[in-house]
Amino acid sequence: NGDSALPLDTALTEALIQAVTGMSWGACVDYASADSPADYGLDAPTLTVTVNYTETEDRESSASFVLEIGDYVDGSCYARIAGSDLVYWIDGSIGDSLMSAVYDDLSAETAQAEE
């Protein structure tokens with residue numbers, strides 16, 4: 001309901017976070033003009049993921065970015081950082097992991113059942 005925190009399994013959650021933070025961008029597909037995001041399914045992304053993190057270069061500060069995932073083609077999908085004109089390929093399994101990430105998949109109960 002959004003008002004209470006639910007317990008997540010640490011290992012399952014860390015694996016999902018690693019999928020996003022360790023993601024490798026594939027080839028740059030296009031420098032998308034204002035008219036072309038629809039060519040990649042990014043005019044209405046299949047999924048948007050907000051990543052909050054702490055920068056520690058000079059001093060600690062909070063930062064975030066929004067990852068947008070568009071259309072899938074041959075096991076890969078189009079992706080970009082929201083607001084960017086650069087469109088890249090990423091491994092489709094990353095998009096799949098993010099789209100299927102629901103509480104039941106990451107819960108401590110799920111992890112115990114899998115052991």
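I began with the packing of helix 2 in this predicted model, and I found that its buried residues pack against helix 1 (10–21), strand 2, strand 3, strand 4 and strand 5.

I then listed those buried residues of helix 2, which are Gly92, Ile94, Gly95 and Leu98. Looking down the axis of helix 2, I saw that its buried residues fall within an arc of 155°, so they line one face of the helix.

At the start of helix 2 I checked the polar atoms, and there a side-chain oxygen of Asp91 comes to within 2.7 Å of the backbone nitrogen of Ser93.

Next I turned to the sheet and traced its strand order, which is 1-5-4-3-2 for five strands that form an open sheet with antiparallel pairing. I noted that strand 1 (28–31) and strand 2 (47–55) stand at the edges with a single partner strand each, so one side of each is left without a neighbour in the sheet. For the twist I looked up the angle between neighbouring strands of this sheet, which are turned by 30° against each other on average, with direction ignored.

I followed strand 2 to strand 3 (residues 61–73), where the two pair in the antiparallel sense over nine bridges; in this region I found Leu47 standing opposite Ile69 in strand 3.

Finally I went back to helix 2 (residues 92–99) to see how it lies on the sheet: helix 2 packs there by touching strand 2, strand 3, strand 4 (76–81) and strand 5 (86–91), and the direction of helix 2 makes about 110° with that of strand 3.

How values were computed: Residues are numbered from 1 along each chain as its sequence is written. This is a predicted model: local features need pLDDT of at least 70, side-chain atom pairs count only at pLDDT 80 or more; totals for chains, interfaces and linings use all residues. Side-chain values use heavy atoms; hydrogens and water are left out. Two strands pair if DSSP finds at least two bridges between them. Helices (H or I, at least four residues) and strands (E, at least two) are DSSP runs, numbered from the N terminus. Axes are lines fitted to C-alpha atoms, for helices over the stretch in contact, and angles run from 0 to 180 degrees between N-to-C directions. Contact means heavy atoms within 4.5 Å. Buried means under 20% relative accessible area, exposed over 50%, partly exposed in between (1.4 Å probe, protein chains only). The arc is that of the directions from the helix axis to the C-beta atoms. A polar contact is a pair of N or O atoms within 3.5 Å; within protein, one must be able to donate a hydrogen and the other to accept it, and residues adjacent in sequence count only if both atoms are side-chain atoms.
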